[in-house]
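Work through the exercises below with the model open. Try each task before reading its solution.

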Amino acid sequence: MKFFLNTILILLFSFLSCLYFPWWSIAIVAFIIPVIIPQGHLASFISGFVGLFLLWGLLSLWISVSNDHILAHRVSLLIFKTDSPSLLIFVTGLIGAMVAGFAALTGSFLRGKSV
Amino acid sequence: MKIIAFILFGAITIFLILFFNSTMILPVPLGKLLSPQHGLWQNAEPQDEDYSAQLSFPQLKGKVKVYFDARLVPHVLADNENDAFFVQGYLHAKFRLWQMEFQTRAAAGRLSEVLGPITIDYDRDKRRLGMVYAAENSLSEIEKDPESLAQCDNYTAGVNAYIKSLNESTLPIEYKLLGYKPEKWTNLKSALFMKYMALELAGYEKDFEMTNAKSVFSSADFNKIYPIVMDSLDPIVPKDSVFPKPAIHLKIPASADSLYYDKKDSTTIVEQKPNPDNGSNNWAVSGKKTKSGSPILCNDPHLGLNLPSIWYEMQIKTPSYNAYGATFPGAPSIIIGFNDSCAWGFTNAMRDVRDYYEMKFKDESRREYWFDSSWQPTTFRIEDIKVKGQSDFLDTVAYTNLGPVMYDKRFSGGRNTNEKNYAVRWKAHDPSNELKMFALLNKAKNYKDYLRAIKYLHTPGQNCVFASKSGDIAIWDQGRFPAKWYRQGDFVMPGTDSNYLWQAMIPQRENPHLINPERGFVSSANQLPADTTYPYYLGGSFPPFRAFEINKRLATMNNITPQDMMKLQTDNYNVFGEMAAPVLIKNMKVDQLSPQEKKYFNILKNWDYRNDTASKGATLFVVTWDSLETKVWKDEFLKTGLELLWPSESTLFDDIQKYPDFRFFDDINTPQIETLSDDVTAAFKNACAVIKNADENGKMEWAKYKDTRVEHLARIDAFSRLHLPIGGGTNTINAANEQHGPSWRMVVSLTPETEAWGIYPGGQSGNPGSRFYDDFVSDWALGKYYQLWVMGDSDANDPKVKWVMSFN
């Protein structure tokens, strides 16, 4: 239960903080949530990882679909030299997930109990 | 244990943040770029984006409504003129901000600030040419005219109103990718944009290469390879015209023979050049040749093909005028277009208004230079070129009474060493207010208004075509052109003697022009404006063939419809091919060809002289002619060790007709004497090797071989449109080259209710994440046109209106 709560809270507060603060504010959110609501280290990592993978992945997917992937076609070609909107969406989700996952893991060690 | 883990994972987190916030992978932080709420995803415009908006700005005096049609063309209906310019600035910025800023940065020699050391030489070239100096002079002229100043002030305010509304996530994507932010717009930036166009259109220069050629070739040879007039010429003002007695009497300097014509000095300068193909077609036919009985005006300016396009289409309607056409993001007014009374368009006049003088400084300090038997003081302009990621590059440019010393031992343009000092005299440095011309054309009601307007055009000189509903057609080869003596300014001139300066400007009324001619049409396609009976020396580079073909066609056409004109504008007939291919065929030693080469030879023989997309003959002709030029010129030219320009294709063609034993046919690297036949055969064999390769890769068809593209301004391939299926090319009316060509095709029928068509290879939005970014490109390649909708005051509820922006 705590796991879902943590994941949802990280997702939600990351979204809110990015409205006003730089992109890396997701790390602060993912760090703080497991400090307030402690859970296992692995569970914390997965909360952060999944929370941001969902947030950034789904946000970019939703944006890209309503754009008919016009931009994602072009930018994937520019960054990865291959025409793949799904790769761009995946990498977007992955970057957010990695940063938030490790931030949450770090937070869990500040307060958390070991599994 | 917990502490160690905390520190370890904390360090990993911080490392990840720093890594994704760094510029190690791309020039911008990847985390910021991909964050869906900050980065490039914010530029992915929904397919059903709603452009409607209610906006309110204290600067506006009245109301302005902007009605967007389905192609996202804005129809601006304003209560007063100044508000219209504010909104034009706002719309240009909203849809094209990055491009406007980038182009004016380029003009000012400030690209290194955002792109790094790679563009230092580009920037130095612009600084040393005095681009900012020229723009400043132009701005002071604009400021003297209250109307022009108000126009610019309001335009600038509109651009800045939009810039102010931007935040990190709404910045155009190029800023995010290149990692910088827009600056405030200024009137100087609009002036810089006009100089950017002046450089494109009146900056092409070959004095150094011609000086070199003069130093190594005999004068007989020189005149054969760089003749002044082509045989195939059909000038803008027909050949038999009589010109009034010139008001200016020029004195060739007494020392010209020894210090100029016969001087054998060479130079090591390598210039950055605008595309020599920057040309265009325009024509107007009178009502007696059209089906409707009303004149038709056509124009297609040939410029670099870029995304976002140099053009942005719009209509501006105020109580005093109603103009529609193509605009320049970066400058106010409609540039090429029409209003309720008339239409206008431009082609480049190609005149030489940029000359070089060799200066003599007293010493290394460059503080004094020798001029008319005394030492004159120099002024200095210190150019501080900011470079991204490096310390500033300082360049001190000496200014003389002739102009800035562009090349000296600190800058040769390329990698060569150069010990000499060359000052550049460029007409674009002189004060002028070209924006005034466009403002007046937008309001022009008749020929008199048009004539008054174009007098403001000093540089770049243009062939200004005009047609009115009252039935007039006209063309003026307009600009402030220096009156030159024979071959003045074709070579570097001595900078120590005032006799070599431009002695006067040609009076405007003496510029070549044609009004309502008997033949029923006026036209231009960058050919010479007049033949040698014109009393002033014309200089420049004037391609003859497109004009020749256009005039031939227009002369025989009657009952012309706008559709006929569209067909003519997109015609792929290669008149040069018609003249030159038989020369290749006649001189081919067919018995020396291999079976494969014979197969290709038959394709060439059966070519219909059309550069259509699927034509293989066109590819064979073009590659063979190129190869023949190499065969004829390369041996002699390479031997000189100097920077030289190859003679034009029409020159080689004329030489072949006139001199059967032309000295240059011989390959000087072989013991035997080659003839034209030897060269043609060898050239064809070389061409076949190239073509065989293309053939094997399925790229022998002309469009595939030519491979036209519309390239993103920052040369980002992913934001460009590549491999377009379009025919034409150099010397065809449809002048679509590799990355250059008809940048705005327009046909205007001046019937009581104007009917007009147009298209440009781009789209109204500059955002690569918008469906309007490049939506015209495919239709453009296919030669299609869009009918232009001139909106009236009562059309607000017309179904053509898709979005409405209200400004208060």
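**Exercise 1.** Place A:Asp68 in its chain, then classify its exposure.

Solution. This is a predicted model. Start with the location: A:Asp68 sits in the loop between α3 and α4 of chain A. Next, check the backbone. Phi of A:Asp68 is positive, about 60°, although the residue is not a glycine. Now count neighbours. A:Asp68 has 15 C-beta neighbours inside 10 Å. Buried needs 20 or more, and exposed needs 12 or fewer. A:Asp68 therefore counts as partly exposed.

**Exercise 2.** Is B:Tyr609 buried or exposed?

Solution. Find the loop between α18 (595-605) and α19 (616-640) of chain B; B:Tyr609 is there. Its phi is positive, about 65°, and B:Tyr609 is not a glycine. Count again: 20 other C-beta atoms lie within 10 Å of B:Tyr609. The cut-off for buried is 20 or more, so B:Tyr609 is buried.

**Exercise 3.** Describe the side of chain A that touches chain B.

Solution. Begin with the contacts: 32 residues of chain A meet 33 residues of chain B. Then assign elements. α1 (2-20), α3 (41-66), α4 (70-80) and α5 (85-111) of chain A each supply at least two residues to this side. α5(A) gives the largest share, 11 residues. Finally, sort by class: 24 residues are nonpolar, 6 polar and 2 charged.

**Exercise 4.** Locate the cis peptide bonds at B:Pro308 and B:Pro460.

Solution. B:Leu307 and B:Pro308 are joined by a cis bond with omega about -10°. B:Pro308 lies in the loop between β6 (306-307) and β7 (312-318) of chain B. The bond from B:Thr459 to B:Pro460 is also cis, with omega near 0°. B:Pro460 lies in the loop between α14 (447-454) and β18 (462-468) of chain B.

How values were computed:
Residues are numbered from 1 along each chain as its sequence is written. Chains are lettered from A and ligands numbered from 1 in the order in which they are written. This is a predicted model: local features need pLDDT of at least 70, side-chain atom pairs count only at pLDDT 80 or more; totals for chains, interfaces and linings use all residues. Two residues are in contact if their C-beta atoms, placed from the backbone, lie within 7 Å. Helices (H or I, at least four residues) and strands (E, at least two) are DSSP runs, numbered from the N terminus. Ala, Val, Leu, Ile, Met, Phe, Trp, Tyr, Cys and Pro count as nonpolar, Asp, Glu, Lys and Arg as charged, and the others, Gly among them, as polar.
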